[in-house]
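Below is a colleague's note on the structure, set out as numbered points. Please read it with the coordinates open.

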Amino acid sequence: MTDQTTATVAAPPRDTTTALTRVREIVTSSPIVLLATVLLAIVVLSAIFATWVVPHDPVRLTPSERLKPPSDTYWLGTDAFGRDLFSRIVTGGRISLVVGVGAAIAAVFAGLVLGLLAGYIRWLDAVLMRMVDGLMAIPNVLLAIAIVSLWGASLWTVLVAITIPEVPRVVRLVRSVVLSAREEPYVEAAIAAGSSTWLIMRRHLVPNTVAPLIIQGTYICASAILTEAILSFLGAGINPETPSWGNIMAEGRIYFQINPGIVLWPGLIVSVAILSINLLGDAVRDALDPRMAQRGIDR
Amino acid sequence: MSDSLLEISNLRIALNGDSDKQVVKGLNLKIQPGQTMCLVGESGSGKSLSALATMGLLPKVLSPLEGSSIRLKGEELLGASPGRMRNLRATAMSMIFQEPMTALNPVARVGQQIEEVLEFHSDLGQSERRRKTLEMMDAVHLPDIEKLYRSFPHQLSGGQRQRIMIAMALIMRPQLLIADEPTTALDVTTQAQILTLIRELREQQGSAVLFITHDMGVVSEIADDVTVLKLGEVMETQNVDNLLRHPQTDYTRDLLRSVPSQVPRPPRSDRSEKIVLKTDDLCKTYGGTGLIFKSREVKAAQDVSLKLMQGRTLGIVGESGSGKSTVARCIMRLIDPTSGSITVGGQDIATLSQKELKPQRKNIQIVFQDPMRSLNPRIEVGQSIIEGPLNFGVSQEAAMARARELLELVGLPASAVDRFPHQFSGGQRQRIAIARALAMDPDVLVADEAVSALDVSVQAQVLDLLAELQERLGLGILFITHDLGVAAQICDEVMVMQFGRVVEYGPAAQVLGQPQQDYTKALIAAAPGRHWDFANFRPFAESAPAAGG
Amino acid sequence: MNMPLTFKNTRGLLRNALFTATLAGMAAMAAPVDAQTLRAVKHSALRVLDPIMTTAYMSRNHGYMIFDTLYALDSSLTPQPQMVASHTVSDDGLTYTFTLRDGLMFHDGAPVTGEDVAASIARWGERDGMGQVLMSFVDSMSQGASASEFVIQLKEPYGLVIDSLAKPSSNVPFIMPKRLAETPSTEPIPEQIGSGPFKWVADEFQPGVLAVYAKNEDYVPRDEPASWASGGKVVNVDRVEWVVMPDDQTALNALQAGEIDYWESPPSDLLPILELNEEITVRNLNALGFQTIMRPNTLNAPMDDVRIRSAAIASVYQKDVLDALVGNPKYYSLCGAMFVCGTPLASDIGSETLIEGNGMEKAKALLAEAGYDGTPIVIMHPTDVGTLRTQPVVVAQAMRDAGFVVDLQAMDWQTLVGKRASQASIADGGWHMFMTNWVGADVFNPLVNNMVNGKGPEGGWFGWPDVPKLEDLRTAYATETDLAKQIELAAEIQKVAYEEAVYAPIGQYFVPTAWSSELDGVLDAPAPLFWNITK
Amino acid sequence: MIGYIFQRILAAVPVMGFVALFVFLLLRLTPGDPAAIIAGDTATPAQLEAIRDSLGLNDPMLVQFFTWIGRLLQGDFGTSILSGKPVIELIEARMEPTISLALTTITLSVVIAVPLGVIAAWKHGTLIDRFVMLLSVLGFSIPVFVIGYLMISLFSMELKWFPVQGFRPIGDGVGDFLERIALPTFTLTLLYIALIARITRTSMLEILGDDYIRTARAKGLPESRVLMRHALRNCSVPIITVIGIGFALIISGVVVTESVFNLPGLGRLTVDAVLARDYPVIQAVILLASLIYVVINLLIDIAYVLLDPRIRYS
């Protein structure tokens, strides 16, 4: 389809596509994505402003009010400590989202640095990639449990435990992008222009990794939220005193037959959040990889 | 009813069915049985889309508008059922494509890919199908057909792959063959063979050919009639001889004038004896390493010695795999030569470390083939241009001022510094790439197939620009190309390479005019349209004394 | 699926499938195989197969299956002979002669002799707290005149010889063959050979998944009816399988669906569901229940100050702890007695704030008086054990209300077990407080109750209070044979222990057991026992 | 080919070595003392010390590491600290449930997901595509244990179609086996459908834009032939990759499913071992899981070579 390329003769006016309009394009690309964005925004905003939104203290124990069914006072009922479930779920979003976003940022950052090194420095590549292979070979959840046991179950530990197993995939991604980008003529032109390795990485290689990393980041974010829930389920999660979606479900699971809502409500919110994040990730990928959008041929 | 085999009338193809976004604007075309019609145009002319529309294979986003019509033997194809279209394909009309490597299924044996056509369009039994397939493979002059039958596409050469495509297209003896730039991706000698084959089979089978190309040389070799397209509109339709001699429109005339002549430029008087670039016995060997299992050794370049004077142009000519680009990349030290020396600015740079090399970088700059990829799409072109000068300590303001000057020098507005690469066309981008190279004030400019990806009219402009710059700045240019015409037009000296070795090296007039080596002769003989002096609208045979007039 | 590995396995499985399909056809004619198998879900996995080496309750329960005891307590907590037919005590009270009853035989066919008994009691005496006290009085132990006699020679009179041998919970003085009993007490015994009513099926043991016991056909039960751990151990099923279920929700569903017969300790919140089910019986088998405790570390400042310790204890209200831990008041009782309510030694002395919940002002006053500087109190919080993860949260909240700064450190139980043995300062990873639970029988007198040990950093229990007065009182209790005086001494020990704030019971709770109504004859006992049950 | 396999096995050695060292160090730095766990609540420091001595836990770290590695190379995985059983026996006993679950899950997932992915790609941009994508995103948006509980309450408690929990070896009868493996399989399948359908769709979309698909259509082949013979065959490499990785993941990572359905598999063995600091077991299982991962990767690479004639051994 070589004939479809631009046939611009004169330089067109300055491009007015800003990041903001780009985001708007992505968000409004389909009604499902729009809905996902709105739902995610509600979850995120209510988590951020939880302190003002929730009707009850999410941490304070009131044993006399334990396991109350949903009512006007307790919209979704209470848990086994007499804490308001609704308040805990809303507040729990904070930890879960911090874990999700934190793990995504940390994994992407660590993976970016290591991936750049592996992609650009030949001798380091061999060593790094063996280590990355090794890390990938160790089962994620088991690695995470071991790390949490090692440092004790704090937010930071859980974050590290979830991040570390995600790093290898990012390293591989960045490395492959770097390996293909460094063959690009404009990179070779930069080499010919005497640019330093650091400048070439910063200017010509890193920007190429941004799009795939944003996409990968959304997936890591989603999977981190789930992993946090699984760690809580296995008793290796964040201190149960602090609400997170994972430990609300983990603590509530024995009450499943008494009040299924204790598991299902946070489960629903987790699913909605992850679904939204994944859908956004897909939308971003479709937008950033225009080849995808034009695929398909009439029959 | 008309007796035309194919009749396209008022074909309009639009993006998303929006009549404001037409990419083909009312194409009318008739092909008689047994006739070869060439559809000629530069990129964006809509020539391939018209062909795809005929086959019913347009991409989803594009669709023919109301009122368009494509009739094959009187049968309307637009709006025909998918089933009917499937039946017509391969039996009544077939298509071959530009890039035979990607057009063949990489994981299926080529014999089976041909045979598959019979499976769906004939009632032949399995052994019968196989026999017929082998017969067809033989008919397209493939060697060792029993073995090739079982081969995978990547095991074949480019020419063999295109022969497979042709066999596949013609095995059901369709009356119409659509050939979409079938030789563009091939080397010039292979191209000549494929063109011969298409002609031969057309005569044997009596089918009509709709031949799509951008290359006037090819047109002169194969066409009966020619339709010239520009930006989706028909410029003119004529018999090929008439068209080449008496083009009716300015566009066609410009197009023909832009075709580089096969006749070497007249030698220039030597203005300088200063050597700006010299290599001695340059070698590059790939592979041959590995801890336990040695990988196969490939000698990409062997004992290449060349000299480039100030203000002169040295062309390296060769087909793919000849090692011409390897030489260029070694000279730029984008890859490390295995042995030999490279002298730039009076110093041997072949073995310098990247750090020691840096001061020498400004003496030699490169322009690449692909205009889409040679500029970082994410930064403004001004930033791309000044990157080199900044590395050498030039201030931001001074470098930017120089960038503006250079852009004007290469024929672009100074304001282009603030724009992004995607806002420019291919030719404009190549100009920017040249400006970027010049920003370093180099002694030597390496142009690695720098005009090969450009449309012929744009190519002519860029070549003119290079010549003009050389005149003004006294640049030494190392010009890598596969196109003999281009080489003939701008080179003072020419080096012909094959399989990593230098075949012939000397003044352009001598190498291209009186070639000594068989390979050089074969190359020249294979160049399509070599008998035509397109720029002067006549064959050379009729104008021998007036060459270059 | 194009992976060779997959193919290979598929083929193997298919072959297996064909093979078993034919077998199954034949087996279908045989009697229903597992009619007499009792499937029980236990509170955790059986790991260490040596009830002397460890105090783990699962190992104790395992011991009750395959080993027998010389004496056992009946439901009135009175020692009754079990392996012993009769015993005599010399007039000076220094020589005890036991005669073993007839028909006692180990699973390998060897008869039980006095030598076996002597070696077993010696090994137990190395490990067990009460055993160690007994050993300090013992001069020698040996086989008597005949192989079925066993003699203990004391250095000075000791009132609790029979009570010690009847000790019902960890560690229980189980009798094993001499060759096994000679294993060092720090290494697990290499074989599972006892003289108890069940035999160990070693082949089917899968640690963490399944433990299987078969009826010991050669076992001769006593004639008396079974009562608590005493009486005739009549086995009415062929097999007992202990199944581990990591998820309570799964166990609940499985019991409801009839896939298991017996669930040792369902979480109290699920009991209402089980009680509603007519096919399931729910009953508390262990009248003494469990004592949940908080234990401060007396070595680390500011907990080295008795006022700070007292303040922490005063801030806690048992009802809050129990509401959170158990919920249903039917299954808990507010009890300040260190030696457990429902025993002769029970006393409420010193426990007013715990059961009235009126100590907050006292706590604040004590803190002020002690000049508490806001040093964070490190409470270890095991998050993976259901019955231990709520107490730290409640206690932390109470202490914060009193003015403490609390650092609740989440960890898994095994980390806690490792960390609590550390006497290091806080800066070096030490701790201030942890909570744990005891079976009533393990704390029901001053000798078995580890927390009232006052020996300090050398010889004391985690927390290491150095209170010589407690040790004097415990020695006095040990040598006292008169029950009324014992009760007085116990009350005195409790008073001192509260004054020194060495620990606090923060509630007594009961863990009923649930079983299919098809089962009959499930015994009340200090540990889950599987004889006497019919299916 | 044999040379290639040999080379790949050689390349796996440093990877496994890294895993071994990493796991060993991670465990030894973890607080918690197996001796304390064995001894129980009333052990004195002297007793703990004696137990540690008898377990060899007091030896210098390096000595412990090389003792372990040395035995490992002789095929001796050591004995479980807690149960005293040889680790290899424990692992053997736990293999079958996990491998059975992995096989049933992967089989069912592939049977469902590949056609879904193909259809979604073929009907790209239509409602069908959106629906399939939504379904597959949903699959990995719900925590596994939530799916598990819902499955149990619906299929076991309400409809009483399947037992709640447990595992029967296939040797005890296919019916029993299937009956008990069904719910865990469905639960995990939901997740793996998501993975496989997505990759199938994505690579199909990419392939469907390739030139040779246009060629196939230009030959007048029916769509079914174009999709299955020309497109799907070319997607097999990424799909096989995901299936292989998925298989490795199931083998090692089904802890949650195994807990919810009380399957005595490898995942639970490891988690129990981690919680009890049973070092030899943890080390062996993680090493085994890594080995499986490496072997599966090798098989995948061999499959590449078999499936795609362009890929050479290198």
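1. The buried residues of α2(C) are covered by elements that include β9 (174–175), β10 (198–200), β11 (210–215) and β19 (433–439) of chain C. Helix α2 of chain C spans residues 57–66, and 10 of its 10 residues are buried, among them C:Y57, C:R60, C:H62 and C:I66. A residue is called buried if 20 or more other C-beta atoms lie within 10 Å of its own, exposed if 12 or fewer, and partly exposed in between, with C-beta atoms placed from the backbone. Helices (H or I, at least four residues) and strands (E, at least two) are DSSP runs numbered from the N terminus.

2. This is a predicted model, in which local features need pLDDT of at least 70 and side-chain atom pairs count only at pLDDT 80 or more, whereas totals for chains, interfaces and linings use all residues. Residues are numbered from 1 along each chain as its sequence is written, and chains are lettered from A in the order in which they are written.

3. The model scores ipTM 0.77 and pTM 0.79. Chain C averages a pLDDT (the predictor's confidence in each residue, from 0 to 100) of 86, with 93% of the residues scoring at least 70. Over residues 1–34 of chain C, however, the pLDDT is below 50, and this stretch has 26 contacts in the model beyond near neighbours in sequence. Chain D has a mean pLDDT of 83, and 95% of its residues reach 70 or more; within chain D, confidence is lowest in helix α2 (residues 34–39), at a mean of 72, and highest in α5(D), at 90.

4. Chain C is divided into domain 1 (34–66 + 187–285), domain 2 (68–181) and domain 3 (290–509), with bounds that come from an automatic or database domain assignment. The contact between domain 1 and domain 3 of chain C takes five residues from domain 1 and six residues from domain 3, where contact means C-beta atoms, placed from the backbone, within 7 Å. The centres of these two domains, taken over C-alpha atoms, are 31 Å apart.

5. Which pair of chains has the most contacts? Among the five pairs that touch, it is chains C and D, whereas no contact joins chain B and chain C, whose closest C-alpha atoms lie 16 Å apart.

6. The largest nonpolar core (buried Ala, Val, Leu, Ile, Met, Phe, Trp, Tyr and Cys residues joined through C-beta atoms within 7 Å) has 534 residues, of which A:I145, B:L210, B:L478 and D:I196 touch the most other members. Helix α5 (residues 87–122) of chain D gives the most to this core, with 17 residues.

Terms used:
Two residues are in contact if their C-beta atoms, placed from the backbone, lie within 7 Å.
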